[in-house]
Structure formats: C-alpha cells, structure tokens
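Colleague: Could you take me through the metal site of this model in one go, residue by residue, and tell me how each term is defined as you use it?

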Amino acid sequence: MRINFCGVRGSTPAPGIDFVRYGGHTSCLALAHSGGSGSEGRSGTEGQRPTLILDAGAGLQTVSAWLLDGAPFDGTILLTHLHWDHVLGLPFFASGDNLRSRVSVILPDQENGESADVVLGGMMSPPYFPVKPTQLRGDWSFATIAPGEWQIEGFTVIAREIPHKGGRTFGYRISDGHSTLTYMPDHCPTTLGPGEDGFGECHATAIELARDADVLVHDAQLFPSELAAEADFGHAAADYAVALARRAGTRSVVLFHHRHDRTDDALDGLAQRLGGGSAPEVSVAREGSVLDL
Ligand SMILES: [Zn+2]
Ligand SMILES: [Zn+2]
C-alpha cells in the first residue's frame with residue numbers, strides 16, 4: 001500500500017514560518033492500493049489514487065489537489081474519533097464536495113447510540129457552520145462501526161477501542177494482504193498506569209493492534225518533560241510510541257500528531273534523539289511525505 005501523509009499535527013493547525021518543513025495541517029492519511037489506477041498529482045509525484053482516508057483533519061483539503069488533481073473522490077473516510085483536529089477538513093474536501101463524488105464516512109459507534117450524521121452534525125451545522133455534512137454535494141453516506149474486523153475499500157481493518165480522552169476513540173490495524181499499517185494518532189496509555197518506564201502501559205489492545213506491523217503511526221504529542229503536566233489532556237509521549245513498537249515487534253514507527261506549537265527545530269531535535277535505529281526504525285512524520293509498503 002501507499003501511505004500519503006496529508007496532515008501530521010494535533011490539536012489545531014499551525015501556519016507560520018516555524019512550521020514549514022513538517023507542515024501545519026492536522027491529522028489525515030490517504031491510503032492507496034499499490035498498482036491501483038495511476039494518477040499524476042500536481043507535485044508531479046507518480047502515485048496511486050487514494051481510496052481510504054484516515055481522519056479528516058485540515059490535511060484533507062490537500063488530498064484534492066495533491067493526490068486527486070481535482071478529480072471526484074470515490075472511497076471512504078475512516079475516523080478514529082470526532083475531536084476537531086480530526087474532522088475540521090471535512091467541509092473543505094473539494095474532491096468530496098463534488099457532484100460526481102462517492103464518499104462513505106465511517107466513525108466509531110457512539111456510547112449514546114447517536115447516528116453518524118447526527119453526531120457529525122453536532123460540530124458542522126448552523127450556527128457553528130453554514131451547512132450540515134448531509135448537505136455536501138455528491139453521494140455521501142454516514143455510518144458507525146463497532147470494534148471488530150471490517151472490509152473497507154479492499155483493505156482489512158481491525159478496529160479496537162483505545163484510551164484517549166473525551167469521546168470514544170478507535171485505533172486501527174489496516175492490511176492489504178501484503179503490508180500492515182497500525183494507526184493510533186490519539187492515545188493516552190498513562191490512563192492505564194505508568195507502565196515499565198513511566199511513559200504509559202503497553203496494554204494488550206495496543207500491542208494487539210501493533211503486533212508485527214510494518215509501520216506504526218502513533219501519537220507523539222508530548223516530550224517526556226511535558227508528560228506530568230499534560231498527559232491529562234489525553235496524549236502520549238513520543239518515547240511511548242517507540243517502546244510500544246519495540247514490545248509489539250513493529251518494524252518501523254512514525255512519530256505523529258505533533259503538538260500545535262512544536263516547531264520544525266524542535267521536531268529536528270526529536271528526530272535526532274529518537275530517530276534512526278533498526279529495531280524499530282524511527283522517523284518523525286512530515287506533511288507531504290509518502291511511504292510505500
Ligand atoms: Zn487529535
Ligand atoms: Zn483527540
């Protein structure tokens with residue numbers, strides 16, 4: 001599969017000269033099957049047309065120009081949860097808000113049983129926003145899923161609930177039969193205890209999702225020095241992501257969901273401190289990058 005990193009930040013977008021190299025858009029990955037129908041993006045990068053998008057953060061708006069070259073989207077947007085930074089790109093997805101699009105939006109089923117379009121409408125409807133999700137142009141559908149195994153756009157998706165804060169959150173393990181990606185952008189393992197090294201419990205669900213995966217894209221919002229003061233907001237230290245990957249036998253880990261005020265220089269420092277290595281290989285997520293598995 002091909003993984004396009006369209007937004008790598010958490011909490012809120014970060015424009016400005018201090019955020020140019022790693023990018024300021026919030027969480028969004030676009031997955032394509034290798035060998036799918038070719039598409040030449042504006043960047044000139046040879047690629048495949050994405051059919052499965054993970055989270056609809058601000059990065060979603062880049063999918064239209066970069067990967068679809070303005071063509072209508074035909075696929076699924078799978079949300080980990082409903083926090084602003086994972087949904088705010090939804091109304092600005094030009095290739096989805098298109099008379100010829102087909103967009104299936106799937107999110108975790110809600111504790112109160114609310115339907116997908118109603119719960120999404122809670123953040124996207126007057127007076128907060130001029131239109132509702134159901135008023136976007138094209139053929140849109142909205143559904144919730146329970147934890148379990150699902151077939152979505154030719155990918156096998158295992159969904160499990162993981163600790164975060166304020167709303168039900170799923171982690172996903174996604175396979176195309178050849179390669180496996182584990183995606184946990186928002187994860188608060190300290191909720192379950194300090195774990196062996198104080199960064200949080202490498203709990204059974206996280207290990208199950210990440211076990212022997214080719215790549216783990218994981219919450220790295222916090223530096224260790226920030227953990228005591230900020231873990232209560234629901235995120236993980238970058239060091240936890242590396243420890244989890246090591247415990248689960250993951251081949252590589254991509255540190256993701258950078259704090260909104262984390263500058264390029266600070267992320268260079270993170271890459272220097274934790275990057276490289278061989279088991280697991282560690283890298284820092286960068287908007288606009290592409291990973292072929
Ligand atoms: Zn987030
Ligand atoms: Zn969140």
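Modeller: What follows is a close look at the two zinc ions and the residues that hold them. This is a predicted model, in which local features need pLDDT of at least 70 and side-chain atom pairs count only at pLDDT 80 or more, while totals for chains, interfaces and linings use all residues. Residues are numbered from 1 along each chain as its sequence is written, chains are lettered from A and ligands numbered from 1 in the order in which they are written, and side-chain values use heavy atoms, with hydrogens and water left out.

The zinc ion (ligand 1) has as its protein donors D85 (OD), H86 (NE2), D186 (OD) and H257 (NE2), which lie 2.1 to 2.2 Å from the ion. Donors here are N, O and S atoms within 2.8 Å of the metal (3.2 Å for Na, K and Ca), and since water is not among the atoms, sites may look incomplete. Along the chain these donors follow the spacing D-H-x99-D-x70-H. H86 sits in the loop between strand 6 (74-78) and strand 7 (102-108), and H257 in the loop between strand 14 (252-256) and helix 6 (264-274), so this pair ties together parts that are 171 residues apart in sequence. Helices (H or I, at least four residues) and strands (E, at least two) are DSSP runs, numbered from the N terminus. Both H86 and H257 are buried, a word that stands for under 20% relative accessible area, with exposed over 50% and partly exposed in between (1.4 Å probe, protein chains only).

For the zinc ion (ligand 2), the protein donors are H81 (NE2), H83 (ND1), H164 (NE2) and D186 (OD), at 2.1 to 2.4 Å, and their spacing in sequence is H-x1-H-x80-H-x21-D. H81 belongs to the loop between strand 6 and strand 7, whereas H164 belongs to the loop between strand 10 (155-161) and strand 11 (170-175), so the two tie together parts that are 83 residues apart in sequence. H81 and H164 are buried as well.

D186 coordinates both ions, which are 3.5 Å apart. The angles among the four donor atoms are 92 to 162 degrees at the zinc ion (ligand 1), an irregular site, and those around the zinc ion (ligand 2) are 90 to 170 degrees, which makes that arrangement irregular. Four donors count as tetrahedral if all angles lie between 85 and 135 degrees; four count as square planar and six as octahedral if opposite donors are over 155 degrees apart and all others between 65 and 115; anything else is irregular.
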